[in-house]
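Thanks for coming. I will take a few minutes on one structure, starting with its sheets and ending with the contact between chains. Please have a look at it first.

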Amino acid sequence: MSYVVSVRELALRFGERRLWDDLSFELAAGELLAVLGPNGTGKTSLLRILLGLIEPSAGSVEVLGRSPRQSRARIGYVPQQRIFDRDLALRARDLVRLGLDGHRWGVSLLTRDKREQIERALTEVGAAEYADAPIGRLSGGEQQRLRVAQALVAEPALLLADEPLLSLDLSYQRIITGLLDERRRRFGTPVVFVTHDINPILPTVDRVLYLAPGRWAIGTPDEVLTSETLSSLYETEVDVLRVRGRVVVVGTPDDQDVHHVHEHGQVHA
Amino acid sequence: MFSQLLAQHFVHTALLAGAVVAVVSGAIGVFVVTRGASFAVHAISELGFTGAAGALVIGVDPVLGMMSGSIVVGFVLGLLSLRGRERDSAIGAVLAFGLGVGVLFLSLYQGYATEATNLLFGSIVGVSDSQLRNLAIVASIVMVVIALAYRPLVFSSVDPEGAEARGVPLRTLSVLTFLLLALATAEAIQVVGVLLVLTLVITPAAAAQRLTNRPEAALLLSIGIALVSTEGGILLSLEKPWPTSFFISAISFAIYLIARIVDVARPRSTRMSAPQTV
């Protein structure tokens with residue numbers, strides 16, 4: 001079995017601060033891995049290592065059998081939603097096009113092939129009807145759909161998403177999750193999904209990588225999201241409850257504690 | 001009188017110089033406006049003034065001093081690649097100090113005050129043939145670099161997160177943008193002066209943004225607006241002996257106002273949306 005991503009004995013330190021040691025996991029085709037954990041445990045840094053933007057302190061990473069940097073062109077990336085300027089002279093389709101050849105130097109015309117690819121990505125995320133709208137005048141959810149289209153347009157062999165649901169309402173959280181889920185089911189594109197709230201994506205998650213300060217655990221949601229596992233990760237008594245199909249974590253010692261129960265009763269693992 | 005002036009060599013030189021400057025200013029302006037860095041233009045231009053004043057004191061060509069001043073500031077701003085409020089206050093602090101130094105240099109300078117006035121308010125009709133040639137060379141360099149780096153320049157200015165993930169070197173492009181801006185600013189100073197650089201670098205791009213939502217069209221429109229303003233301003237100043245810089249800024253501002261009105265007058269649903277082209 002050949003893996004799309006293989007991470008071996010990875011360590012990350014920032015100066016004196018040790019984020020993790022001996023982190024090892026593999027990602028197979030079609031898998032959806034959720035990366036969970038409190039702030040400051042290196043969730044985003046892990047994605048940046050997979051993109052080849054930063055080097056780990058130790059260990060090795062292979063993406064599609066090569067270094068992350070060499071495979072970067074085949075990685076699709078969905079960042080956090082960030083509102084575009086209202087007056088930006090950029091159409092929805094222009095944002096998607098940037099995912100295709102925006103990183104290339106030199107002069108080039110938009111060929112028929114590229115136009116078709118852009119059209120396909122726009123249709124795939126259901127954004128064809130506002131393809132010519134100025135991006136700054138679209139809603140946050142519509143903009144986020146376009147970021148998914150931008151990530152998909154170059155036919156990626158791996159998808160990385162960094163808190164893509166943040167500040168989206170529930171219906172758009174479902175839409176964005178559905179788009180990523182459908183992609184990996186139809187094309188076998190594995191997804192690494194960084195989130196601080198597992199609940200919106202829980203039904204689609206195959207495995208969870210839980211990063212706690214200085215420690216980590218990986219496994220199916222049922223293996224990792226248990227009182228035993230999290231208690232040993234945090235070295236203190238942590239309770240994991242299942243309430244109406246949602247995961248509720250109580251008692252983590254970090255300062256995130258207060259944020260765990262949100263005003264909607266949503267719980268952030 | 002108008003047609004007589006129009007036959008003069010110095011008028012031809014001025015019109016050519018104006019055109020060259022308008023093209024670079026209009027082009028780089030689009031990227032500066034997209035990055036929300038209008039204030040940086042002011043800083044680069046005022047420190048260009050400091051450089052020029054310093055050059056006058058030590059007896060060097062002021063244009064050379066101005067170029068050096070602009071480029072140094074452009075490089076530093078690009079390297080810092082600050083965003084938002086932090087950038088505004090940093091630029092404000094640097095700008096104020098630079099201008100203070102410029103004032104000192106001017107007081108030390110024993111020559112004609114006209115040189116300083118020309119720097120501050122522009123002196124398009126005084127452009128010499130060799131100056132025009134230098135303007136054209138610098139402008140060609142800027143335009144070739146913009147053409148070659150066009151896609152990464154756009155990507156990094158509109159969507160830095162996405163661009164970084166695709167391997168676009170953000171810092172390099174930030175430095176590149178501000179260096180190109182410094183060169184364009186140094187060019188524009190020679191036409192409209194230090195205090196009015198914004199009228200060629202920012203106003204046309206801001207107006208263009210209101211008139212189209214296609215990035216390439218915005219670039220061309222911005223260049224077009226800068227051209228109409230500059231050439232129109234020079235021609236009007238032949239007719240009426242008011243400062244050229246006034247006419248240029250008046251025309252570009254009028255176009256900006258019209259662009260805003262046109263944008264507001266459009267119905268909400270079709271506002272800023274371009275016709276189907278694919």
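Before the pairings, one term: two strands count as paired if DSSP finds at least two bridges between them. What we are looking at is a predicted model.

With that term in hand, take strand 1 of chain A, residues 5-14, and strand 4 of chain A. They pair in the antiparallel sense, over five bridges. For a register mark, R8(A) stands opposite S60(A) in strand 4 of chain A.

That pair belongs to an open sheet of three strands in chain A, with the order 2-1-4 and antiparallel pairing. Its edge strands are strand 2, 17-27, and strand 4, 58-63, each of which pairs on one side only. From one strand to the next, the twist averages 20°. Lying across strands 1, 2 and 4 of chain A is helix 1, residues 43-50, which runs at about 60° to strand 4 of chain A.

Now to strand 7 of chain A, residues 191-194. Which strands does strand 7 of chain A pair with? One is strand 3 of chain A, residues 32-36, in the parallel sense and over four bridges. There, V35(A) has V194(A) as its bridge partner. Another is strand 6 of chain A, residues 158-162, also parallel and over four bridges. In that pairing A161(A) stands opposite F193(A). To get from strand 6 to strand 7 of chain A, the chain passes through helix 6, residues 170-187, in a right-handed β-α-β crossover.

Are the residues on the two faces of strand 7 of chain A buried or exposed? V191(A) and F193(A) on one side are buried, and so are V192(A) and V194(A) on the other, which leaves both faces covered.

Over to chain B, and a check on helix 2, residues 9-34. Its 26 residues, at 1.5 Å a residue, should span 38 Å; the end C-alpha atoms are 38 Å apart, so the two agree. Just after helix 2 of chain B, G36(B) takes a positive phi of about 65°.

Last, the contact between the chains. It takes 29 residues from chain A and 30 residues from chain B. On the chain B side, at least two residues each come from helix 7 (129-148), helix 8 (150-158), helix 9 (160-165), helix 12 (203-211) and helix 13 (215-239). By class, the side of chain B that touches chain A has 15 nonpolar, eight polar and seven charged residues.

That is what I have; questions are welcome.

Definitions and conventions. Residues numbered from 1 in each chain as written. Chains lettered and ligands numbered in written order. Predicted model: local features only at pLDDT ≥ 70, side-chain atom pairs only at ≥ 80, totals over all residues. Buried ≥ 20, exposed ≤ 12 C-beta atoms within 10 Å, placed from the backbone. Right-handed = clockwise from strand over helix to strand, strands pointing away. Expected span 1.5 Å × (residues − 1). Axes fitted to C-alpha atoms, helices over the stretch in contact; angles between N-to-C directions. Contact = placed C-beta atoms within 7 Å. Nonpolar A, V, L, I, M, F, W, Y, C, P; charged D, E, K, R; others polar.
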